Amino acid sequence: MMEKENRAAAYLRHLPGVDELLHTPSIAAFLNEYPRAIVVEAARVVLEKQRATILSAGSIDLETLPESSLRSYFLQRLSQEVGQLVWRKNRPNLKKVINATGIILHTNLGRAPLSKAALEAVRMAGSGYCNLELDLNTGRRGSRGDLVEGLLTRLVPVEAALVVNNNAAAVLLALNTCARDKEVIVSRGQLVEIGGSFRMPEVMRQSGAILREVGATNRTYLDDYRAAITGQTALLLHVHTSNYKIVGFARETSLEELVSLGREYHLPVMSDYGSGCFVDLAFLGLNTEINVSGVVAAGVDVITFSGDKLLGGPQAGIILGKRDYLAKMKKNPLFRAIRSDKLTLAALEATLRLYSDLPEAWKEIPVLRMLQLKKEEIEEEAKKVIDALKPTLKDYARISLEPTYAQVGGGAMPATNIPSVAVVIQPFHISVREVAARLRNKEPAIIGRIQEDSLWLDLRTVQKEEIDLLIEALIEIQVDSL
Ligand SMILES: *Cc1c(COP(=O)(O)O)cnc(C)c1O
């Protein structure tokens, strides 16, 4: 038996070089598929790691191997590792995820999935040239806004429409255009933060408008607004408290009241509505939100909302309102910096077209489809998953079907729970965090919700065609653990 130092020296002696490793058949095959530099780099990393392991502890225990077979052993194992590393590093960073969180509009998971029509439009617009800014009737330069603005003013009774990159940009543009160096009055109860980077006071500062807070966190009256109006006032702003709800001893001024005050003082009223919704959700028992038409009917002058929240389209900021205000926004140089690209406009146009036939919209737009799913339909899918898992996972985890509540998310309807059904997995031998981590590393990745010692997979947000992938991945985590 070799002494420890001798053993390490022998290991090092038989460790192949980069070139030798690159000549193994499996790596040679990889070189046809991936750039040489990437494979060489991976070989270096793997060899360096192996060398360090040998030197640090001699902890690889190869005592049973005769010295004569060390080299072929290394070549075989390390070429495998190189292959894995190359494969892993060249996977796209943006991967498909199965959303089993039950949160329909999950900002971390990309918010709204697109409809088939929107996807088809994106493919068309991206795979060749398109008439983004060309009027095909006259042959003259056109405006990209024409692609969607007319559709918007047909769907909602407003004078004008404008589309930018996202709602944050829409708010910035509107404030900068209407209230730069002037005061904007907002209730203290509506100084929202949406996901860290969008905070109303900061957006206001960036826009050059001066924030004039009124009222208290829980109660603001119309007279608070009235008392704050001066010659410096440019705008009354209403912000939808998308991701929280003040309950109890609370009062907000209604949009109608604000509009009447605005009229009295000849001041425009704007609503940052957050999650724009074109349908009536009342019949689903989700009666806490008015839709875009409701906001318009209240008489506001400018309304802004996101394209990828309840609307179910691509990331976009949509501005609707009075012609004069929107025309000024269009002339603002800031508008050029935040304009939408052809892929967004393609997806948005296709999404908006679906809304011209509401039953079609309910059928085709994934967000609306998920919202209206009946609990019984979800239960059926959950039973299918459980029937498939129970026999294979019975020694591995307790699997059950549990009632749960899904959420709209995306800063829409914070206090609304939608009855749903979850497949709940309580592993016997490993931690629930380990199970969650393994599922995250699947392709597609699966994201659930950890609750105490169980993983909850809410099926309201899992598409029908993803169920088989989910079952397959869950069966595999058992094998992973062996
Ligand atoms: C979501 C939201 C925003 C930010 O919209 P983005 O499209 O993410 O930029 C701004 N204001 C409110 C009230 C929101 O709900």
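This is a short tutorial chat on reading a few features of the structure above.

User: Before we start, what kind of model is this, and what does it leave out?

Analyst: It's a predicted model: local features need pLDDT of at least 70, side-chain atom pairs count only at pLDDT 80 or more, and totals for chains, interfaces and linings use all residues. Residues are numbered from 1 along each chain as its sequence is written, and side-chain values use heavy atoms, with hydrogens and water left out.

User: Okay. How do I read the helix and strand labels?

Analyst: They're DSSP runs numbered from the N terminus: helices are H or I with at least four residues, strands are E with at least two. Two strands pair if DSSP finds at least two bridges between them. Here, an open sheet of 7 strands runs in the order β3-β11-β10-β9-β8-β4-β7, with mixed pairing.

User: Which strands stand at the edges?

Analyst: β3 (160-164) and β7 (210-214); each has a single partner strand, so one side of each is left without a neighbour in the sheet. From one strand to the next, the twist averages 25°.

User: Can you show me one pair inside that sheet?

Analyst: Take β10 (residues 302-306) and β11 (residues 317-321): they run antiparallel and are joined by 5 bridges. To find the register, look at serine 306, which stands opposite glycine 317 in β11.

User: What lies across β3, β10 and β11?

Analyst: Helix α13 (residues 323-331), running at about 30° to β3. Axes are lines fitted to C-alpha atoms, for helices over the stretch in contact, and angles run from 0 to 180 degrees between N-to-C directions.

User: And how do I describe two helices that pack together?

Analyst: Go by the angle: under 35 degrees counts as roughly parallel, over 145 as roughly antiparallel, 65 to 115 as roughly perpendicular and the rest as oblique. Try α8 and α13, which pack at an angle of about 105° with their axes 9 Å apart. They are therefore roughly perpendicular to each other.

User: Which residues meet there?

Analyst: Contact means heavy atoms within 4.5 Å. On that basis, Leu173, Ala174, Thr177 and Cys178 in α8 meet Tyr325, Lys328 and Met329 in α13. For classes, Ala, Val, Leu, Ile, Met, Phe, Trp, Tyr, Cys and Pro count as nonpolar, Asp, Glu, Lys and Arg as charged, and the others, Gly among them, as polar. This contact of α8 with α13 has 5 nonpolar, 1 polar and 1 charged residues.

User: At what angle do α8 and α9 cross?

Analyst: The axes of α8 (residues 167-179) and α9 (residues 200-207) cross at roughly 50° and come within 8 Å. That makes α8 oblique to α9. The contact is made by Val171, Leu172, Leu175 and Asn176 of α8, and by Met200, Val203, Met204, Gln206 and Ser207 of α9. By class, the residues of this contact of α8 with α9 divide into 6 nonpolar, 3 polar and no charged.

User: Now burial. Is β16 enclosed or open?

Analyst: Buried means under 20% relative accessible area, exposed over 50%, and partly exposed in between (1.4 Å probe, protein chains only). In strand β16 (residues 454-458), 5 of the 5 residues are buried, so β16 is largely enclosed by the rest of the structure. Ser454, Trp456 and Asp458 point one way, Leu455 and Leu457 the other.

User: What does β16 pair with?

Analyst: Strand β15 (residues 449-451), in the antiparallel sense over 3 bridges. Glutamine 451 stands opposite serine 454 in β16. The two strands form a hairpin with 2 residues between them, and glutamate 452 in the turn has a positive phi of about 55°. Glutamate 452 is exposed, with a relative accessible area of 78%.

User: Why would I flag a positive phi or a cis bond?

Analyst: Because most residues other than glycine have a negative phi, and most peptide bonds are trans. Another case is aspartate 181, with phi near 65°. Aspartate 181 sits in the loop between α8 and β4 (183-187) and is exposed, at 51% relative accessible area.

User: Where is the cis bond?

Analyst: A cis peptide bond joins glutamate 443 and proline 444, with omega about 0°. Proline 444 is in the loop between α19 (432-440) and β14 (445-447).
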